[in-house]
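Open the model in your viewer and keep the selection panel at hand. The stops below run in a convenient order for clicking through.

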Amino acid sequence: MEKLDPGIREKIDHWLQGNYDEETKAALREKLEQEKYEELTDAFYKDLEFGTGGIRGIMGIGSNRVNKYTFGMATQGLSNFLNARHPGEQVKVAIAHDCRNNSETLARVVADVFSANGIKVYLFEGLRPTPELSFAIRELNCHGGVMLTASHNPKEYNGYKAYGSDGGQLVAPQDQQVMEEVQKITSVDEIKFDGNPELIDEIGEAIDEKYLEAITALSVSRDAIKRQKDLKIVFSPIHGTAGVLAPAALERYGFTNVTLVEEQMQYDGNFPTVEYPNPEEKEALTLALDKAREIDAELVMATDPDADRVGIAVKDHRDEWTLLNGNQTGTLLINYMLNAWKEAGKLTGNEYIVKTIVTSYLIDRIANEYGVECYNTLTGFKYIGELMTRFEGKKTFIAGGEESYGYLVGEHVRDKDAIVASTIIAEMAAYYKDQGSSLFEALLDMYVEHGYFREKLVSVYKRGKKGAEEIQQMLKNYREAPPKQLAGSDVVIIKDYKTGREKNISSGKTTDINLPSSNVLQFVTEDGSIVSVRPSGTEPKIKFYCSVNTELESRGEFEAVTEQLEEKMDRIIEELTG
């Protein structure tokens, strides 16, 4: 007895009878014969959605899978948008892909569809980092671009990220307009697959060179590197695109003692040496840390497959390897850059840094002490890029970052950049070593000088339709009956980014939040604790970003104070979720 929903069977029949290639049809027929109904249901029960960030999904056959047809529809919609927006112009786009399975083939499909629509295509001849795509769009004066990547998702996934002419991911209103154009493509017959080779140019080494030059120009401690050029660094691209450029970038900065994790220098979309290619996870850094212990290294760095995020490990006060979290690395990086600019006499009062609302507020405090403006954006680096474009030519961007391990130094791109972040982190390690210190000691000294901020992200999973309803109910409850206290401290400010209003509890006064509407709530307590609550946009979970802080009198008190702050965060999360 057939167990397929009639609507799904109808969609499958449409694929079997429609303008799809024979290989796809044969694979579909085989799955039907083998009665793989559950698999077929998941592959066809909906259409893979082109959201504000593009597409991300599991590769395979079906309307809910990443394949040449779903990417073809996305590209046809984007082509229609670009051609309508730039009538009478020769529209130009750049395309890059990471190391994921099928990426090279899919990139060629995307290039064919663009060119079939009369659009000039600059296609990278091999895999490249996401930030280099952003650089190429700007360098080649393109109207847009596409990066094929699923970032740090498992190996079954691939994705499609759309970029604007500034080299940043699409933001409002363009993101919505492109989504609408993609939704208008209802049939595979509307996709122009027959590419025009005359409109496709391969790019590579020349852009690599310009990109590396731009990164090298951002060095601020050249003398320290000269003295500490043999700093022992272990680097891994975790089978991804950073392997193309990060070793060369570190070499140009002057580092001569970089050990690469050879097993992970092989480009491989199966990521055979890790469970997940995510530098936030200690497991992904296992081989790098083994190598570091073997050679007694001083710094470990690892990047995700598309080289826009970097995780680092350093030796702590017990001479043991410890992973820094995204807030710690980002704060260290920005503190270092502000200090370097101050020492060089480059701070004029017109500089700024940017972070997201869920990233450490120690950054705001440090920037304030340097007299540099710190802007907060919604979660997502595209908002940081958008702000940079708005200020281009008016203010000078020093650095920016978000707690999810994505950082940028310099204005050469409009996305997070793990290549430049890796070089500046290495330079920072050389600078502190030159002063007789280390990155970990610099972290503690920063806490002593500016305050010890500790952060934690807790995700509560609520699966299925019932789970989605529970998440909405939790947010409704927080809005209607917000907490009066957190860990014994009065809640004094409530920020609702959905309504765009900030309320001061004691005075009752409300003020506007000048950011786009987003389903985020923020509670600020009298003692400076901050909790941000938001549903995940991609997974069935609700996220709690908790930040607490206190004074740190000396390096020696670090462990005891850490314990107190961790207990406080656990208490706050328990009060909110218990």
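## Stop 1: H2 against H3

Select helix H2, residues 22-33, and helix H3, residues 37-44. This is a predicted model. The two helices pack at an angle of about 135°, and their axes lie 8 Å apart. H2 is therefore oblique to H3.

Now show side chains. On the H2 side, pick Leu 28, Lys 31 and Leu 32. They meet Tyr 37, Glu 39, Leu 40 and Phe 44 of H3. By class, the residues of this contact are five nonpolar, no polar and two charged.

## Stop 2: H1 against H2

Keep H2 and add helix H1, residues 6-17. The axes of H1 and H2 come within 9 Å and cross at roughly 145°. The crossing of H1 past H2 is left-handed.

Which residues make the contact between H1 and H2? From H1, select Arg 9, Ile 12, Trp 15, Leu 16 and Gln 17. From H2, select Thr 24, Lys 25, Leu 28, Arg 29 and Leu 32. The contact of H1 with H2 has five nonpolar, two polar and three charged residues. Pause on Leu 28 and Leu 32: both belong to this contact, and both also meet H3.

## Stop 3: H4 against H7

Move on to helix H4, residues 68-85, and helix H7, residues 174-184. The axes of H4 and H7 come within 8 Å, with a crossing angle of roughly 120°. So H4 is oblique to H7. The crossing of H4 and H7 is right-handed.

Light up the H4 side: Met 73, Ala 74, Gly 77, Leu 78, Asn 80, Phe 81 and Arg 85. Opposite them, H7 supplies Gln 174, Gln 177, Val 178, Glu 181 and Val 182. The class split for H4 with H7 is six nonpolar, four polar and two charged.

## Stop 4: two backbone details

Stay by H7 and select Pro 173. Pro 173 sits in the loop between strand S5 (157-163) and helix H7. Is the peptide bond from Ala 172 to Pro 173 cis or trans? It is cis, with omega near 0°.

Next, go to Ser 151, in the loop between strand S4 (144-148) and S5. Check its phi. Ser 151 is not a glycine, yet its phi is positive, about 50°.

## Stop 5: a salt bridge between helices

How many salt bridges does the structure hold? There are 42. Side chains of opposite charge can pair when their charged atoms come close.

For one of them, select Glu 139 and Lys 210. Their side chains meet in a salt bridge, at 3.2 Å from N to O. Glu 139 lies in helix H6 (residues 130-139) and Lys 210 in helix H8 (residues 205-216), so the pair ties together parts 71 residues apart in sequence.

## Stop 6: Asn 339

Finish in helix H12, residues 326-343, which holds Asn 339. Which residues does Asn 339 touch, leaving aside its neighbours within four places in sequence? Beyond those neighbours, Asn 339 is in contact with Tyr 370 and Tyr 431. Draw a distance to Tyr 431: the side chains of Asn 339 and Tyr 431 make a polar contact at 3.3 Å.

Methods
Residues are numbered from 1 along each chain as its sequence is written. This is a predicted model: local features need pLDDT of at least 70, side-chain atom pairs count only at pLDDT 80 or more; totals for chains, interfaces and linings use all residues. Side-chain values use heavy atoms; hydrogens and water are left out. Axes are lines fitted to C-alpha atoms, for helices over the stretch in contact, and angles run from 0 to 180 degrees between N-to-C directions. Helices (H or I, at least four residues) and strands (E, at least two) are DSSP runs, numbered from the N terminus. Angles under 35 degrees count as roughly parallel, over 145 as roughly antiparallel, 65 to 115 as roughly perpendicular and the rest as oblique. Contact means heavy atoms within 4.5 Å. Ala, Val, Leu, Ile, Met, Phe, Trp, Tyr, Cys and Pro count as nonpolar, Asp, Glu, Lys and Arg as charged, and the others, Gly among them, as polar. A crossing is left-handed if the near helix is turned anticlockwise from the far one by less than a right angle, and right-handed if clockwise. A polar contact is a pair of N or O atoms within 3.5 Å; within protein, one must be able to donate a hydrogen and the other to accept it, and residues adjacent in sequence count only if both atoms are side-chain atoms. A salt bridge is a side-chain nitrogen of Lys or Arg within 4 Å of a carboxyl oxygen of Asp or Glu.
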